[in-house]
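Hi there,

Here is the structure I promised to pass on to you. Please open it beside this email and follow along as you read.

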Amino acid sequence: EYNAPIKMYTVKELSSPCIFGLLSPSVYIPEKYSDDEEALSYITAHELCHYYHGDMVWTAVRYILLSIYWFDPFVWLAAILSKQDCECACDEAAIKLLGAEKRFRYGKIIIDLIPRKQTESFGVASTSMASGNDVLKERMRLIASAPKNKKAAVLLTVLLLMISSAATFTSAEEYNTEDSA
């Protein structure tokens, strides 16, 4: 049974599920998935991850920056990559929420949910599953790959932070306040 902090609606002409709204976001699902309990559970997990990650805010920030710096190709590139990272992060979080054993079924449903044509009703102001072929291939590669052991990466990061902190803060000369007065 669906029990989430945001409302869900089915929309007849919507091509892909999305979350829309900044102050009061809602999830919109294509009507063709409204009777498919399995697809609904995956859609709900994915869209709730967008909600908990605050992706509606990041989407708004992206488009505000694009409207101000419309002439800068690096801002466009950053917006595109940010959107891709957003989708991949939601896929990872949804798989963690659903369970790793469901990763392949989740990937299959994601492929089925991606619209063949870009005909979004809500346009750029929503977080939707629509994406290009290269992005879809990358998402499927990440979904299909088994999670790696991250302990070594965390340990290496902590070690590097300790070394850089030690190098930064221990090489300063002692400052004598008595001589400066």
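Below is what was found in it, going from the overall layout to the salt bridges.

Please keep in mind that this is a predicted model. The chain contains seven helices and four strands. Following the sequence from its start, you will meet them in the order β-β-β-α-α-α-α-β-α-α-α. Of the 181 residues in the chain, 34% are buried.

A good place to begin is strand β3, residues 26-30. Five of its five residues are buried, so the strand is largely enclosed by the rest of the structure. In a regular strand, side chains alternate between the two faces of the sheet. In β3, Ser26, Tyr28 and Pro30 lie on one side and Val27 and Ile29 on the other, and both faces are covered.

β3 also has partners to look for. Strand β1 (residues 7-11) runs parallel to β3, and five bridges join the two. One pair to find is Thr10 with its bridge partner in β3, Ile29. Strand β2 (residues 18-20) pairs with β3 as well, but in the antiparallel sense, over three bridges. Here Cys18 stands opposite Tyr28. β2 and β3 make a hairpin with five residues between them, and Gly21 in the turn has a positive phi of about 120 degrees.

Gly21 has a visitor from further along the chain. Ala60 is 39 residues away from Gly21 in sequence, yet their C-alpha atoms are 9.6 Å apart in space. Ala60 sits in helix α2 and is partly exposed, with a relative accessible area of 26%.

Next, have a look at helix α1, which covers residues 37-53. Its 17 residues span 24 Å from the first C-alpha to the last, close to the 24 Å expected at 1.5 Å a residue. Several of its residues are buried, including Leu40, Tyr42, Ile43 and Leu48. At the start of the helix, a side-chain oxygen of Asp36 comes to within 3.3 Å of the backbone nitrogen of Glu38. After α1 comes Gly54, whose phi is positive, near 70 degrees.

Now turn to the surface. A nonpolar patch of about 1300 Å² is formed there by residues that include Leu22, Trp58, Ile64 and Phe71. Which helix gives the most to this patch? That is α2 (residues 55-68), with six residues. Phe71 lies in the loop between α2 and α3, and this residue is exposed, with a relative accessible area of 53%.

Finally, the salt bridges: a search of the whole structure finds three. In one of them, the side chains of Arg105 and Glu38 meet at 3.0 Å, N to O. Arg105 belongs to helix α4 and Glu38 to helix α1, so this pair ties together parts that are 67 residues apart in sequence. Arg105 is partly exposed at 35% relative accessibility, and Glu38 is partly exposed at 31%.

Another salt bridge links Glu87 and Lys83, whose closest N and O atoms are 3.2 Å apart. These two are four residues apart in helix α3, about one helical turn. Is Glu87 buried or exposed? Glu87 is buried, with a relative accessible area of 2%.

Lys108 and Asp112 form a salt bridge too, with 3.1 Å between the closest N and O atoms. They are four residues apart in helix α4, which again puts about one helical turn between them. Lys108 is partly exposed at 43%, as is Asp112 at 34%.

Happy exploring!

Key
Residues are numbered from 1 along each chain as its sequence is written. This is a predicted model: local features need pLDDT of at least 70, side-chain atom pairs count only at pLDDT 80 or more; totals for chains, interfaces and linings use all residues. Side-chain values use heavy atoms; hydrogens and water are left out. The expected span of a helix is 1.5 Å times one less than its number of residues. Buried means under 20% relative accessible area, exposed over 50%, partly exposed in between (1.4 Å probe, protein chains only). A polar contact is a pair of N or O atoms within 3.5 Å; within protein, one must be able to donate a hydrogen and the other to accept it, and residues adjacent in sequence count only if both atoms are side-chain atoms. Patches are made of residues with over 30% relative accessible area and no salt bridge: like charges are joined within 9 Å, nonpolar side chains (Val, Leu, Ile, Met, Phe, Trp, Tyr) within 5 Å. Accessible areas come from the Shrake-Rupley method with a 1.4 Å probe; for residues, only the protein chains shown count as cover. A salt bridge is a side-chain nitrogen of Lys or Arg within 4 Å of a carboxyl oxygen of Asp or Glu. Two strands pair if DSSP finds at least two bridges between them.
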